[in-house]
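Trainee: I have a model open and want to test the labels people put on it. Can we take them one at a time?

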Amino acid sequence: MTAGFELPPYARAMGMLVLNRDHHGAPAVAMDFAEKSEGRPGYLHGGAIGGLLEMAGFAALHADLAQRGIEARFKPINISIEYLRNGLPERVFARGEVLRAGRRIANVRIEAWQGDSTAPIASCWMNFQLSPVKVA
Amino acid sequence: MSEDKTQGWRVDGPFDPEAAGKVLGSLGHGGFLGMRYGGHGTDWFEAELPWREELVGAGGNGVLASGPIISLFDNCTAMAIWTRRQRFVPHVTLDLRIDYVRAAVPGRSVIARAECYQIRGALAFVRGLAHDGDTSDPVAHAAGIFMATGDTA
């Protein structure tokens, strides 16, 4: 199971796209600014940023499991987001880091940024529940 | 930090949660998600997120993505604050935590009710519950803090 992470309908509708992974390991997910991602006029909606963070979390965990040859389903248990800076009307990126993925639980950290990757606009942690894929 | 949702309604005078809720579901991200005003009290605000295929998440089984549920909580909690303050004060989300208790049933609307349970100067403390028809069987819980960037006096 080494295929890339496939974005679900929600992420495609929001205009998200998975970028090729670089030396950091996990793939980044990008989203361009559009009216459908706008909250306060001229700024990204906090929920749209949250949705992007989550998608980057899914992508990071998918890549981590695939790299280790593990086939598992996973679903989010919870997410806690800190909003650090205003989301400007421009492309936003997010990338996750799997801190630990065991048999049943995975803990992932994700950050989102715009022009400067050292100045995140939002940061979050997510916990996932894992379950093995049943082989027929 | 994000959100003060000033668009389209009077920002002076008493806050009208119902009028604001209708604007919220017609513009920007709230419009894309199709949020609908559901009701309010002195310190709470409710909105509905109708299910549609375009909002399905990564499970591949018709379950609503969790992203739109974050947005629903972000909006409802913000509205609950202005409802409690009885006026619009620009603010930003400091943090928001969501616990996904179970997957929403495919095809069903998700309804979120958020409450502003405490205001201390610029800080407003909020919590919320989302369900898909039965409040005693929630799909998610939320807790968060917003900080006013405008005059709260």
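Mentor: Yes. This is a predicted model. Start where the chains meet: Glu82(A) stands opposite Asp95(B) in β3(B).

Trainee: What makes β3(A) and β3(B) a pair?

Mentor: Pairing needs at least two bridges between the strands. β3(A) and β3(B) have 5 bridges, in the antiparallel sense. Therefore they count as paired.

Trainee: How do you know that β4 and β5 of chain B pair?

Mentor: Apply the cut-off of at least two bridges again. Here 9 bridges join β4 (residues 110-120) to β5 (residues 123-131) of chain B, so the two strands pair. They run antiparallel. Arg120(B) stands opposite Leu123(B) in β5(B).

Trainee: Why is the sheet called open, and which strands are its edges?

Mentor: The order is β1(A)-β2(A)-β4(A)-β5(A)-β6(A)-β3(A)-β3(B)-β6(B)-β5(B)-β4(B)-β2(B)-β1(B), 12 strands with antiparallel pairing. The edges are β1 (16-18) of chain A and β1 (36-40) of chain B, as each pairs on one side only. From one strand to the next, the twist averages 25°.

Trainee: Which residues make up chain B's side of the contact, by class?

Mentor: They divide into 13 nonpolar, 11 polar and 9 charged. Chain B gives 33 residues to the contact and chain A gives 35 residues. On the chain B side, β3(B) supplies the largest share, 9 residues.

Trainee: What makes α2 of chain A a helix that lies across strands of both chains?

Mentor: Helix α2 (residues 46-67) lies across strands of chain A, including β4 (92-101), together with β3 (91-100) of chain B. Its direction is at about 45° to β4(A).

Methods. Residues are numbered from 1 along each chain as its sequence is written. Chains are lettered from A and ligands numbered from 1 in the order in which they are written. This is a predicted model: local features need pLDDT of at least 70, side-chain atom pairs count only at pLDDT 80 or more; totals for chains, interfaces and linings use all residues. Helices (H or I, at least four residues) and strands (E, at least two) are DSSP runs, numbered from the N terminus. Axes are lines fitted to C-alpha atoms, for helices over the stretch in contact, and angles run from 0 to 180 degrees between N-to-C directions. Two residues are in contact if their C-beta atoms, placed from the backbone, lie within 7 Å. Ala, Val, Leu, Ile, Met, Phe, Trp, Tyr, Cys and Pro count as nonpolar, Asp, Glu, Lys and Arg as charged, and the others, Gly among them, as polar.
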